[in-house]
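Morning, everyone. I have one structure to go through today, and I will keep it short. Please look at the screen.

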Amino acid sequence: MDESLKQDEIGTVARLPGAPFAYALAYVRRAALAHKAELAALCLLFLMAANLFTVIRRKTITNDETVLIPAAYYHLVTDDFQLVHEHPPLCKLLAGVPLLFVQPNEARPEVIAKATNSSERDWAYQQSFWNDNLGLFHRISFWARIPAILLTLALGWLVFQFARELFGARAALLALSLFVLEPTLLAHGRVVQTDVPAAFGYLLVFYTLYHYVQRRTLRRALLVGAAAGLSLLAKFSMLIVAPVLLAVFLTFFLRAPRDGESRTAFLAHASLAVLASLLVINAVYFFHSRPLTTDDVRWVWASFPEHPRLVWASVSWLRHLMPTDFILGIYWQLWHSKEGHSASLLGMYSAHGWWYYFPVAFALKTTLPFLLLSVSSLVWSCYRLLARRERLFLVLLVPIALYTAFVMMSTINIGVRYFLPAVPFLCILAGALLDRLLKLARARTLALGCALLLISWVAVEAVRAYPHHMSYMNQLASPRPHWYYLSDSNVEWGDDVGELTEYLRARGETRVTAALLGGYATVGYNGVAYLDALALPDPTRVETRYVAIGASFLNGSTVPGRANLSEEQRVNFFDAYRRLTPEAVFGGSIYLFRMND
């Protein structure tokens, strides 16, 4: 039907009884047909939102959120970014906005004043914040996580938009379907942490860069710079976008005469992008760059004994361009990488990780159909790039390869969540591959069946894991307990404490001996006294009826070191419980043992 006939139809409807209502229906029908892809995408995102919102009512805040949420409120009400400056402020500021309406009690100034260093100050404020707001614990926990969910939904929309521009509406909807159903994304899409913001920032950088390469203007260069600044505010590891942007601008600068363009223009573009990045970073820190303190001096000299003067000089100079706590946060991450972090993989233990950790973790923590699609789409896209010279695939392959290489060099192997920035790109590639299969004329029925099977399989896994997506592992991890394969946030992050305490209270228990990530705080806030199992010389000798051991403590990697413990004794501190049958398991992450009747 051409446009004139459509107008005639609407005109005829307008002359009938009840014309305004009928006209509105006709308009809505036309709009729905014109935007059916967007409506389908919104339906998928609504499904994801329903999942995330129902889960945060059931799940306690994670170990990291017990620290980040108080810091979020502190940043907003004091303009001070020293608390937990090892993480950039984006996720914290977003989480803090709803708390301005909740109005929790602020920490007493004398509590922080007594602290002698930054670690003591962080701990003192965290304890003071939660202790002074016990009656608001669940309300604060709920509202602080709403912005994290909204950002996850925004990331999903960006996946849809980018995929549609690259491969069309059907590929975009297939990519979004995988995004909204994958358990790892559902697990971290509700958490106040840097991982999903980093994924959003990383995808946004390459989305804006794709547009800039298509048509190089000052406005698009400005958007690239702003996206880069936003990504750095999400996670310090996003510094890896800097060499990418440098390479792009340098390439266009060198090729400018050959392409009949001005090198001066590209210098202007690059300069504007840098200025935009700096402006965004400073704006989110409220244009506040505090003076350096003696505590900062001591930390630099203690953390970088090989080159303390060089590090101090760089901090002193760079703080004139960027906020002091932003610079120190970057150096904290460098120090953390140098020091390492105790982790476990397939029964092995190390403080500095394994180069193959993230491929193995990804293979275990994603659904098998998404794993199959990820590998297949990577092979397919490499073939299209190399054999058919389809450079479009560089837009996705470069960020995947760059980030994968980066995390494989990381010494911090405590969660597949660190790999999240690459996952949206894999969703887009997988959606493009499924769309290509559906275009096969000779095997369309078979291709349709395969696509439906794979998407349905992911959906079944998401439903099967609900609401315990955090500890999800696929069928490759069936032979052994999940804590054998991986540790830390892969298997336990403290969010199942609510179910544990509800179970205990229903049996009249008011105390529990426990070793749980974040449990030292959240168990007490849920009405059960927490007796630290790690404080006992013999963890099998307890006075409470129940003992709760987190999966990561059963694994042993999160057991803190002691002077009187060897490494073997440390990782096997709870070995006795590994051979016991738990009375209950909560969310696959907390094992409850009945010790005394």
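I will start with one proline, Pro-467, which sits in the loop between α22 (444-465) and α23 (482-485). This is a predicted model. The peptide bond running from Tyr-466 to Pro-467 is cis, and its omega is near -5°. For context, most peptide bonds are trans, and most residues other than glycine have a negative phi.

That brings me to two residues with a positive phi. Asp-79 is not a glycine, yet its phi is near 60°. Asp-79 belongs to the loop between α4 (65-78) and α5 (90-102). Is Asp-79 buried or exposed? Neither: Asp-79 is partly exposed, because its relative accessible area of 38% falls between the 20% and 50% cut-offs. Gln-103, also a residue other than glycine, has a phi near 60°, and Gln-103 is in the loop between α5 and α6 (109-113).

Now the whole chain. The protein has 28 helices and seven strands. Its radius of gyration is 26 Å, which agrees with the value near 25 Å for a compact globule of 597 residues. Along the principal axes, the C-alpha atoms fill a box of roughly 85 × 55 × 55 Å. Of the 597 residues, 55% count as buried. Among contacts with a separation of 6 or more, 73% come from residues 24 or more positions apart.

Last, the surface and the charges. About 26300 Å² is exposed, with carbon and sulfur atoms supplying 64% of it. There are 52 positive and 43 negative side chains, and the centres of these two sets are 9 Å apart.

How values were computed: Residues numbered from 1 in each chain as written. Predicted model: local features only at pLDDT ≥ 70, side-chain atom pairs only at ≥ 80, totals over all residues. Heavy atoms only, no water. Helix = DSSP H or I, 4+ residues; strand = E, 2+ residues; numbered from the N terminus. Rg over C-alpha atoms; globule rule 2.2 N^0.38 Å. Buried < 20%, exposed > 50% of the residue type's maximum accessible area, 1.4 Å probe, protein only. Contact = heavy atoms within 4.5 Å. Areas by Shrake-Rupley, 256 points an atom, 1.4 Å probe, with all protein chains shown as cover. Lys, Arg positive; Asp, Glu negative; His and termini not counted. Charge placed at Lys NZ, Arg CZ, Asp CG, Glu CD.
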